[in-house]
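Please open the model in your viewer and keep the selection tool at hand, since this tour moves from one selection to the next.

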Amino acid sequence: MSNQLQFIQTQIEDGIGFITLNRPKVLNAINRQMVSEIVAAAESFDQNPEVKVILISGNGRAFAAGADIDEMKDDSSIELELLNQFACWDRFALVKKPIIGAVQGFVLGGGFELALCCDVLFAAKRTEFGFPEVNLGVMPGAGGTQRLTKLMGKMKALEWLLTGDRMSADEAIQYGVINRIVEKEVLLEEAVKYSKKLASRPPIALRLIKESVLKAIDYPLYEGMQFERKNFYLLFSSEDQKEGMKAFIEKRKPNFKGK
Ligand code: CAA
């Protein structure tokens with residue numbers, strides 16, 4: 001089942017919910033309508049039991065070259081405050097299912113912020129990442145300064161944020177910003193292969209693992225461990241826990257149902 005919206009395409013296949021940014025003429029510049037479409041699609045996949053994993057990518061020669069500069073150039077602070085458009089991204093970050101990003105070309109500004117909300121990132125060789133907002137007289141506003149700093153630390157994050165320079169895929173992998181670098185021709189294939197692997201895992205465990213890891217970023221260790229423990233106990237109420245352990249004892253493959 002595939003669906004063509006104004007600025008994205010969506011599809012469900014083999015347990016994967018695909019979101020493809022589709023504004024290639026402007027390097028998938030993210031305008032307000034596109035943000036709404038991405039967030040609505042992700043939330044709808046999150047609710048759909050057919051979807052186990054979400055895979056986001058971009059058509060054309062960029063994942064996304066940032067927020068749509070043309071759309072926002074004349075905005076006033078008060079308009080931005082009242083619209084509070086970036087709060088929409090908080091909803092994307094609250095999606096419970098794993099989100100795999102398959103990125104290539106340019107991953108800049110708001111595009112990089114979107115990528116940093118993903119849980120696993122595959123990047124094509126020669127992908128360029130960065131926060132060029134400083135060159136426009138502004139700064140990242142949808143999590144860039146926070147998420148990049150939590151990943152690489154203050155000194156490194158400031159180096160990129162203050163200059164607006166573009167980071168290569170090799171640098172991004174060294175900093176722990178991305179997981180894999182692959183040839184562009186096989187980017188989607190590799191990301192799909194990985195997504196299928198996750199789709200075969202018990203969905204409730206995936207969900208609680210993601211939730212626990214995200215809490216590790218915000219919580220002190222002790223509170224994080226309490227949170228993890230409760231989730232571990234909670235999984236013993238799932239049919240998948242019974243099935244997983246029974247299948248191990250019976251030496252067969254488990255049949256997980258997401259219940
Ligand atoms: N917004 C609007 N249009 C954009 C865009 C953007 N962020 N990025 C690219 N485009 C458009 C260009 O205007 C151009 O359109 P036309 O063909 O109609 O002229 C088209 O996409 C192709 O771009 P280029 O001709 O510039 O392609 P290039 O290969 O020469 O350069 C690039 C590629 C280096 C990525 C360059 O396009 C660029 O610098 N883009 C802007 C990057 C940027 O500053 N991003 C941050 C935006 S602000 C932000 O994201 C705020 C936030 O935190 C939420």
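**Around the ligand**

Begin by selecting the shell of residues around the ligand in this predicted model, where you will find 13 nonpolar, 4 polar and 6 charged residues. In total, 23 residues surround the ligand, and the closest of them are Arg-61, Ala-67, Gly-110, Glu-113 and Glu-133.

Next, display the side chain of Arg-61, which places an N or O atom 2.9 Å from an oxygen atom of the ligand. Moving on to Ala-67, show the backbone rather than the side chain, for a backbone N or O atom of this residue lies 2.8 Å from a ligand oxygen. Then select Glu-133, where a polar side-chain atom is found 2.7 Å from an oxygen atom of the ligand. With a surface switched on, consider that the ligand on its own has 980 Å² of accessible area, of which the protein covers 64%. To place the shell within the fold, colour α2 (69-72), β6 (106-108) and α5 (110-116), the elements that each give two or more residues to the shell.

**A pair of helices**

Now leave the ligand and select helix α10 (residues 203-218) together with helix α11 (residues 221-235), whose axes are 10 Å apart and pack at an angle of about 175°. Because angles over 145 degrees count as roughly antiparallel, α10 is roughly antiparallel to α11.

Finally, show the side chains at their contact, to which α10 contributes Ile-204, Ala-205, Leu-208, Glu-211, Ser-212 and Lys-215, while α11 contributes Phe-227, Glu-228, Asn-231, Leu-234 and Leu-235. Coloured by class, this contact has 6 nonpolar, 2 polar and 3 charged residues.

Technical notes
Residues numbered from 1 in each chain as written. Predicted model: local features only at pLDDT ≥ 70, side-chain atom pairs only at ≥ 80, totals over all residues. Heavy atoms only, no water. Near = heavy atom within 4 Å. Polar contact = N/O pair within 3.5 Å; in protein donor to acceptor, adjacent residues only side chain to side chain. Areas by Shrake-Rupley, 256 points an atom, 1.4 Å probe, with all protein chains shown as cover. Helix = DSSP H or I, 4+ residues; strand = E, 2+ residues; numbered from the N terminus. Nonpolar A, V, L, I, M, F, W, Y, C, P; charged D, E, K, R; others polar. Axes fitted to C-alpha atoms, helices over the stretch in contact; angles between N-to-C directions. Parallel < 35°, antiparallel > 145°, perpendicular 65-115°, else oblique. Contact = heavy atoms within 4.5 Å.
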